[in-house]
Amino acid sequence: MKKVIFLVFCVFILARPGYGQAIGYQMKYDDPYNINKLFVHFIPIYSDVAATNMTIGYGFQIDYYHLNKFDFTFHARKSYGARTDLMRDAAEKNTGNSNTDSPNVYNMVELGGTYHWKDFEAEKESKVFLYSKKDKGSKWESMVVKTTTIAGKVRNIYGGRLGGMFYNTSFDMSRALSKQEATLSDASGNPIDNTAVLFGNMKSSGVYLGASMAWFRNLSVEFESKYEPGGDDLLLTTYFDILLASVKVEDIVYQSTAYSASPIDVNNIGFRLGIQGKFNRAFSWGYGAEIGYRPSVKTQSFFMLLKLSFPILGSDLKYSKIDSVKQE
């Protein structure tokens, strides 16, 4: 009985559309080195969940690839406003029993490059989605995501990363003092009121040094069946960075008295793991994610970042030159 059930199950699986079928195709192109040189990202939304501050906002990014040896990235982002900048919003709302310093608006800027110390091509299968206009509106077909595998070229890049970064933010100073068991004092050595709700401003500027691995695909096929042309043009990069920075916590003013922030300890070293994906098209979308520990106030370094890029505008920076024709 078990053998019969197993046989029926196998027949059912093989009979389902898109599974176990040999689909003929013709390769239109397969060249992972022929990618756009410039990508301009518009980032309508990011979410940065950090122990220092939690923000939601927008930004932009520029990627440039030079001679298959280097790539450069400029990235900037900021919060939408006070309501999506948690610590800034809290500082502005707690004006009754808090310090009078204006809270920082969250900003992050990065500029860096990657040297491709190993860049080679390998054969590997790519998964391609199958789509047919004839299936449109079919409830049964829409329940099954059909794919097939295509043997193609994959560009593998091992890189060394170096760059600079800067960010400023507000943070919960009361929580930092409590966790570090520290107290602020004025110039005369008088401690601050321990019932005060304090918010601080922090700035961090430094460098990152790391390594990356990237996989670039750029192929297109035409199927010898009902399916529409498809392909795989994903440019995927993963990276690991060591973060080295100078972190400065600003002094505060509470009830017209200045208090030094020097008792607050900071971490000047951090790290991050990240991933970024985009597509080799003139108009597309992309994504990115990071997790790690930023140079920041001690006990408040952990962070997670998610960002969506749409649209991404790509260009190969090749423009045809039209020769002028002299009319006689």
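A residue counts as buried when its relative accessible area is under 20%, as exposed when that area is over 50%, and as partly exposed in between. By this rule Arg-88 in this predicted model is buried, because its relative accessibility is 15%, whereas Glu-92, with a relative accessible area of 40%, is partly exposed. These two residues form a salt bridge in which the closest N and O atoms are 3.6 Å apart, and both belong to helix H2 (residues 86–93), where they are four residues apart, about one turn of the helix.

The search of the whole structure finds 13 salt bridges, and some of them join parts of the chain that are distant in sequence. Arg-155 and Asp-119 meet through their side chains at 2.8 Å, N to O; Arg-155 lies in strand S6 and Asp-119 in strand S5 (residues 107–129), 36 residues apart. Arg-155 counts as buried at 1% relative accessibility, while Asp-119 is partly exposed, with a relative accessible area of 24%. A further salt bridge, with an N to O distance of 2.8 Å, brings together the side chains of Asp-241 and Arg-161. Because Asp-241 lies in strand S10 and Arg-161 in strand S6, this pair ties together parts that are 80 residues apart in sequence. Asp-241 is buried, with a relative accessible area of 0%, and Arg-161 also counts as buried, at 12% relative accessibility. Asp-241 and Arg-161 belong to a network of salt bridges that links them with Glu-110, Arg-272 and Glu-290.

Glu-290 leads on to the strand pairing, since its bridge partner in strand S17 is Leu-305. Strand S15 (residues 283–293) runs antiparallel to S17, and 10 bridges join the two. S17 (residues 302–315) also pairs in the antiparallel sense with strand S2 (residues 38–50), again over 10 bridges, and there Ala-50 stands opposite Phe-303.

Another charged residue, Asp-63, is found in strand S3 (residues 54–66) and counts as buried, at 2% relative accessibility. Its side chain makes a polar contact of 3.1 Å with the side chain of Thr-73 and another, of 3.4 Å, with the side chain of Lys-278. Beyond residues up to four places away in sequence, Asp-63 touches several others, among them Phe-39, His-41, Phe-72 and Gln-276.

Helix H4 (residues 173–180) has as its buried residues Met-173, Ala-176, Leu-177 and Gln-180. They sit on the same side of H4, because they cover an arc of only 95° around the axis. The face turned away from that buried side carries the exposed residues Ser-178 and Lys-179. At the N-terminal end Asp-172 caps the helix, with a side-chain oxygen 3.2 Å from the backbone nitrogen of Ser-174, and just after H4 Glu-181 takes a positive phi of about 55°.

In soluble globular proteins, nonpolar side chains tend to be buried together. The largest nonpolar core here has 29 residues, of which Phe-171, Met-173, Leu-184, Leu-198, Val-249 and Ile-264 touch the most other members. The elements that give two or more residues to this core include S2, S6, H4, S10 and S17. Leaving aside neighbours within four places in sequence, Val-249 is in contact with residues including Phe-171, Met-173, Met-202, Ile-264 and Val-297. A second, separate core of eight residues includes Phe-39, Ile-157, Phe-216 and Ile-312.

Note on methods. Residues numbered from 1 in each chain as written. Predicted model: local features only at pLDDT ≥ 70, side-chain atom pairs only at ≥ 80, totals over all residues. Heavy atoms only, no water. Buried < 20%, exposed > 50% of the residue type's maximum accessible area, 1.4 Å probe, protein only. Arc of directions from axis to C-beta. Polar contact = N/O pair within 3.5 Å; in protein donor to acceptor, adjacent residues only side chain to side chain. Pairing = 2+ DSSP bridges. Core = buried A, V, L, I, M, F, W, Y, C linked by side-chain atoms within 4.5 Å. Contact = heavy atoms within 4.5 Å. Salt bridge = Lys/Arg side-chain N within 4 Å of Asp/Glu carboxyl O.
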